[in-house]
Amino acid sequence: MLSIPNPLPNFIEKVKEIKKAAENEDLFCKSCNIFLNSAQQLKAHLQSTKHKMIELGLIDKKSDKRREIGRYKCKPCDCIMNSEVQLLHHLNSIRHQRTLEDFLQNDLAASSK
Ligand SMILES: [Zn+2]
Ligand SMILES: [Zn+2]
């Protein structure tokens, strides 16, 4: 049976959120549990029908949350996998192995200075 390495290699990072606006709390809509990319987007969002319906409980906001689980980021390749299966495929791919080789060599070169 296929299984991902445990512990994960240190070039793999487990990520929860793909959106990177997390550093700016102001761009987060608590009602909808989503991040917006800019103040304008947030403003537009707050005026949107969808936001109002979610605030009123007319739409189940859970439908927006399903993409939150189990993501893995491969740092050398700078790509994100949405599942363990994808991660496994990625770890076995030639593209990844080449990128990783370069990455480790650069790492060695940097630390031997
Ligand atoms: Zn909202
Ligand atoms: Zn990779």
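Me: Before we begin, helices here are DSSP runs of H or I with at least four residues, numbered from the N terminus. In which helix is Leu104 found?

Reply: Happy to help, and please keep in mind that this is a predicted model. Helix 4 covers residues 94-111. Leu104 is found in helix 4.

Me: Is Leu104 buried or exposed?

Reply: Let's count its neighbours. A residue is exposed if 12 or fewer other C-beta atoms lie within 10 Å of its own. Leu104 has 12 C-beta neighbours inside 10 Å, so Leu104 counts as exposed.

Me: How many of the 18 residues of helix 4 are buried?

Reply: Being buried takes 20 or more other C-beta atoms within 10 Å. Helix 4 lies largely in the open, because the number of its 18 residues that are buried is zero.

Me: What span should helix 4 have, and how far apart are its end C-alpha atoms?

Reply: The estimate uses 1.5 Å a residue for the 18 residues of helix 4. That gives an expected span of 26 Å, which agrees with the distance between the end C-alpha atoms, 26 Å.

Me: How far apart in space are Leu104 and Pro76?

Reply: In sequence, Leu104 and Pro76 are 28 residues apart. From C-alpha to C-alpha, their separation in space is 8.7 Å.

Me: Now for the sheet: which residue in strand 4 does Val15 stand opposite?

Reply: The open sheet has three strands in the order 1-4-5, with antiparallel pairing. Its edge strands are strand 1 (12-15) and strand 5 (79-81). Strand 1 pairs with strand 4 (residues 71-74) over four bridges. Opposite Val15, in strand 4, stands Arg71.

How values were computed
Residues numbered from 1 in each chain as written. Chains lettered and ligands numbered in written order. Predicted model: local features only at pLDDT ≥ 70, side-chain atom pairs only at ≥ 80, totals over all residues. Pairing = 2+ DSSP bridges. Helix = DSSP H or I, 4+ residues; strand = E, 2+ residues; numbered from the N terminus. Expected span 1.5 Å × (residues − 1).
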